[in-house]
Number of protein chains: 4
Amino acid sequence: MIIVMSGDATAGDVAHVVERLREIGAEAHVSRGQVRTVIGAVGDRALIQQLPWEAFPGVERAVPVLKPYKFVSRDFQSHDTVVDVGGVPIGGDHFTVIAGPCAVESREQLFSSAAAVHKAGARVLRGDAFKPRTSPYSFQGLGERGLELLAEARTEFGMPFVAEVVDPRDVELLASYADIIRIGTRNMANFTLLAELGRQDKPVMLKRGFTATVEEWLNAAEYIYKEGNHHIILCERGIRTFESQTRNTLDISAVPVVRHLSHLPVLVDPSHSGGRSTLVAPLSLAAVAVRSNGVMIDVHPSPETALVDGAQAILPRDFADLMGEIRAVAAALGVDLV
Amino acid sequence: MIIVMSGDATAGDVAHVVERLREIGAEAHVSRGQVRTVIGAVGDRALIQQLPWEAFPGVERAVPVLKPYKFVSRDFQSHDTVVDVGGVPIGGDHFTVIAGPCAVESREQLFSSAAAVHKAGARVLRGDAFKPRTSPYSFQGLGERGLELLAEARTEFGMPFVAEVVDPRDVELLASYADIIRIGTRNMANFTLLAELGRQDKPVMLKRGFTATVEEWLNAAEYIYKEGNHHIILCERGIRTFESQTRNTLDISAVPVVRHLSHLPVLVDPSHSGGRSTLVAPLSLAAVAVRSNGVMIDVHPSPETALVDGAQAILPRDFADLMGEIRAVAAALGVDLV
Amino acid sequence: MIIVMSGDATAGDVAHVVERLREIGAEAHVSRGQVRTVIGAVGDRALIQQLPWEAFPGVERAVPVLKPYKFVSRDFQSHDTVVDVGGVPIGGDHFTVIAGPCAVESREQLFSSAAAVHKAGARVLRGDAFKPRTSPYSFQGLGERGLELLAEARTEFGMPFVAEVVDPRDVELLASYADIIRIGTRNMANFTLLAELGRQDKPVMLKRGFTATVEEWLNAAEYIYKEGNHHIILCERGIRTFESQTRNTLDISAVPVVRHLSHLPVLVDPSHSGGRSTLVAPLSLAAVAVRSNGVMIDVHPSPETALVDGAQAILPRDFADLMGEIRAVAAALGVDLV
Amino acid sequence: MIIVMSGDATAGDVAHVVERLREIGAEAHVSRGQVRTVIGAVGDRALIQQLPWEAFPGVERAVPVLKPYKFVSRDFQSHDTVVDVGGVPIGGDHFTVIAGPCAVESREQLFSSAAAVHKAGARVLRGDAFKPRTSPYSFQGLGERGLELLAEARTEFGMPFVAEVVDPRDVELLASYADIIRIGTRNMANFTLLAELGRQDKPVMLKRGFTATVEEWLNAAEYIYKEGNHHIILCERGIRTFESQTRNTLDISAVPVVRHLSHLPVLVDPSHSGGRSTLVAPLSLAAVAVRSNGVMIDVHPSPETALVDGAQAILPRDFADLMGEIRAVAAALGVDLV
């Protein structure tokens, strides 16, 4: 931690900070410039970071040197984590395609989508049974019936599936059905839910909060890791900005940034970030080119009738075309398309 | 709903939209301009808003005319809601001061703060027993012991109290102790928690998500209202922007905007928005001047030792000075300081 | 400057940074923690800040300790700057009201507005002759004819006036007419224009770029100051955020932040920030309460017919009412309403 | 234009809007719903869009149906514009690589960079002689001497070059040297400069303002087009968001969005958006995959010594490697790498 004193800080203010650092067993390195005095604090990260330095007299600001997360960082583990999902690898040099409907609406809709994405080459199925919606008047999902249908589709097509959890009381239920449990963007900072998922064994997909910084996202992953579950898959899905042409702004740079800071796999969701079917193909190809670990794509047999997010779903035939282009780009860059 | 067709939409595309509107019992008013055709849809709001119009061929975009929320709007109830909190009114022409420590750390700390804010004129006590923290390594609150201490302080000083809930499984516990249950900024879009709070009777304080639009905030209030609980208090606490001098940017304009759109009371939290003790007084006075319904202020007997958010806490003596200024501005504007 | 080395930086990388610092005459204070080495650089601010430290091998990031601006900071001048505008003071403990039409449209419109704001108590007139517009098809102002009318109104009502400049080639023209030359929000980072205004004598009002941080805003002021013109008035006018209920989000916290960092006066523009007439009164009162140095308000005799920004203009009679409330709040807080 | 009346608008308010529309020769289509009345205005776009509808009594808001820009839209010209730059095509199905130093610092630095990028396959040279800097204490460029060096390099390597203009008084000078004149991100809304560039013949590269929406960016292009210069190249370079791991957030989705809305070519600047050398390769490849029309990359022989933006410059050998990958992805997708 670097503690920058204000221009009018007294010698007593500096001494007071130094003393407090010593009390918690840390060293204080004091540098006096012409305009500002700066104190470098070296010692136990957690102890130092938790003191409210900016509440001390004469302190202008405190700048952390170390990241607040530890286990999910490259400093802690230098090699890539590869998560095994029913035999399908996610992470490392692999690129994995997850596809299916946004929400499970019916057996027919789910199986139609699952058959198509399976045939075109997707390896993991998506489909939600519980949907968090901004309006209380919108469709909220089929509940457990949706999970049963997903489990049936898994057997039928031999694809593991990912589904979202929205209530900590449903974690056990989800864990009994799904291969990957997803935390949606609105729940990324729902620490209760994070901790609950950390205390069970199924892989967790942690979507980035659409208003979360990369550091907050990695802190959220740390919550899960710290509780004991190390099978964590990150998924970038766009952030909120002032631009209104797209639902959110896909932060494509976050992929290399996260891969540099963390050993966890990171996927891209080109459907929810853009919110428009016409953006899915270009953003998916960008996700390959930028060397993410995969994409998760909404595919619906009839987007016009979709109960959730129809505007961003692509048709099965467009998904098949896109898979061809994904294959070509992956081959060109030596990426292992799973 | 206004459905704007794209420049290359065919007559068939227009007919298809019109037909779908008629199927759901809505009228379609078609206006043909030189460059664009526009279809006005009049009928059941919920039915019309839920169809994925932008997935229809030839549709450029769909612009809702009506707000997605209903019960919390001025259209539904034109007079102000005034929430009664143990005899203290919040809403209407009243301005109510809530103060106390951010988190309950100990009996001594809580009582010291409570005694001071009570003496200076605060009418409701704040203090949290459960804290959602971005880092898993930070202090997470005293749990039920914290609620017991708050209840003791209520008896001692005759002030009702507000405390945060972070887990839907704790709603009953909170309801058995607190006078107002608070939903924090990170849980504003935790629909599970919102629905749970809607199904009990205690007043709910709903903080604005720091990345939520005013419309999303009112939608969140609608979740609570719709489940049956109409005692809702909104609290503006700053939004995330690119500015880094303050923790968040207090959206002071949201106060008159919300008071225009909704009948619910709206408070301001000058402590968490700015994140600095020196900003608390000017932002509190701005909250009076802009005619919000009150402020909620962090007061700590020794900010340097605070386990949570010490940098923004003000001292008891500064709170007393501020109360004097709040009184003066309220009197100047004819605001009823409770 | 604090230079944080990455986790895998070598001893050679550290030595290389230290050597480069010595070459430019700076001291290097090296602190070695368990996970990171940090180098504090003490010496000539400009020299140190200009080297691209993050391009050096093994450097993770460089954190400036000192602000990049100097003359406009409180470190350089601790007392408030008070700018004299034709006998009207702006800055210090004064609160000054500027009002008038957004753009000069005709003699009749200008004089009607000027007469009304003068009678109600405004001390400086606003009105623009050159308007930068996002669409090339919008009204761009009357040009020099507008300035002539403003000069006439000055004589008639005894009020100095402020007008915007958009082209560096017009600075001389503006300086020959106006009492304050304004740099609009879109030109805050137009360094050519800033430098030009720094080389003449008339006071300059520098509006905050709606996407500028406080630090960038003060850097822009530094450009003007450094060229020799010290009569600078800052004006907060809202920043771009994700919220769409208001045109921009008034960053009311920026007022106390800037007054802490700088000695320059800072005003608030409640008209352009909110973009709605109904927000002008509450935001103006907030501007008094937060202890800014004044407000600049759009007043139009007939907003429906305004050629620019009609939706935010208030009527003369509403301005008169507002002046009464401004007087009351100023008196309550001991602010000197000029 | 769609004019939405408020819930309490009177019949007189509706009649007043309808009357005003008729006065300007527009048709008014009135739709009365249960809660709101909506008026569709059909007629001359410019006339309708310029009236301040939200200042009319009883009007809640006005929603434009048509874009404010015209000539740069696909509605006006359906085929792609291809700009010829000294024999090098930019636009359509072509992908063009522009590279070179951020700023011209010396003959040696420029020629070293130019030789390397030319050899590796870049077709256009970049290098600036005038730099707009946020701090007045930073290097501002070599001025005309820089342009002379660039012209020499053009002759030596047979590559046209692009250079930035920051002052409307320098447009003629730039036009006499450069093959493409660039408007930087901070000047995107400098309408004076835009108009000046529209009145000369050299191709213009218009960088997106880092705080501009896509619509504002296209409006800025319209300024240039309307004055007579149709050789416009757009360049996406990241927008300001809350994320601080990167200098700006590259809005990769803006590429397909702009190509859908406009016929103009759109490039990507992976250097200035990320602000870090390690992000240049992944973002460049994403730019190919997303089917932009090219990239503009900072290459410096010795980033540590760069006077401007050294942290983002890549070395000549890394540029050569990147060109190999760009070629592979372009080939995989059938993109014509120029």
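**Exercise 1. State how much area chain A and chain B bury between them, and how much of it is on carbon and sulfur atoms.**

Solution. Chain A and chain B bury about 3800 Å² between them. Of that area, 52% is on carbon and sulfur atoms. The model is a predicted one. The area is a usual choice here, because the size of an interface is often given as the accessible area lost when the parts come together. As for residues, 44 of chain A are in contact with 44 of chain B.

**Exercise 2. Count the salt bridges and polar contacts between chain A and chain B, then describe the side of chain A that touches chain B.**

Solution. Step one: the salt bridges between chain A and chain B number four. In one salt bridge, the side chains of Arg169(A) and Glu196(B) meet with an N to O distance of 2.7 Å.

Step two: 13 residue pairs are in polar contact between chain A and chain B, counting pairs with both residues at pLDDT 80 or more.

Step three: the elements that give two or more residues to the side of chain A that touches chain B are α6 (191-198) and α7 (214-226) of chain A. The most comes from α7(A), with five residues.

Step four: sorted by type, the residues on this side of chain A are 20 nonpolar, 13 polar and 11 charged.

**Exercise 3. Find the turn and shift that lay chain A on chain B, and the C-alpha of chain A nearest the axis.**

Solution. A turn of 180° with a shift of 0.0 Å along the axis lays chain A on chain B, with an RMSD of 0.0 Å. The C-alpha of chain A nearest this axis belongs to Thr211(A), at 3.0 Å. Of the interface residues of chain A, 100% are also interface residues in chain B, so the copies meet through the same surface.

**Exercise 4. Do likewise for chain A and chain D, and name the relation.**

Solution. Chain A can be laid on chain D by a turn of 180° and a shift of 0.0 Å along the axis, with an RMSD of 0.0 Å. That is why the relation is the one of a two-fold axis. Ala286(A) comes closest to this rotation axis among the residues of chain A, its C-alpha lying at 2.1 Å. The same surface serves both copies, since 100% of the contact residues of chain A recur in chain D.

**Exercise 5. Describe chain A by its secondary structure, its box, its burial and its contacts.**

Solution. Chain A has 11 helices and 15 strands. Along the principal axes, its C-alpha atoms fill a box of roughly 75 × 45 × 35 Å. Of its 338 residues, 66% count as buried. Among the contacts in chain A with a separation of 6 or more, 68% come from residues 24 or more positions apart.

**Exercise 6. Decide whether Ile90(B) is buried or exposed, and place it among its neighbours.**

Solution. Ile90(B) lies in strand β6 of chain B, residues 88-91. The relative accessible area of Ile90(B) is 0%. Buried means under 20%, so Ile90(B) is buried. Leaving out residues up to four places away in sequence, Ile90(B) touches residues including Thr81(B), Val83(B), Ile180(B), Ile233(B) and Leu267(B). The C-alpha atoms of Ile90(B) and Val266(B) are separated by 8.7 Å, with the two residues 176 apart along the chain.

How values were computed. Residues numbered from 1 in each chain as written. Chains lettered and ligands numbered in written order. Predicted model: local features only at pLDDT ≥ 70, side-chain atom pairs only at ≥ 80, totals over all residues. Heavy atoms only, no water. Contact = heavy atoms within 4.5 Å. Buried area = accessible area lost by both parts, 1.4 Å probe. Polar contact = N/O pair within 3.5 Å; in protein donor to acceptor, adjacent residues only side chain to side chain. Helix = DSSP H or I, 4+ residues; strand = E, 2+ residues; numbered from the N terminus. Nonpolar A, V, L, I, M, F, W, Y, C, P; charged D, E, K, R; others polar. Least-squares fit on C-alpha atoms with pLDDT ≥ 70 in both. Buried < 20%, exposed > 50% of the residue type's maximum accessible area, 1.4 Å probe, protein only.
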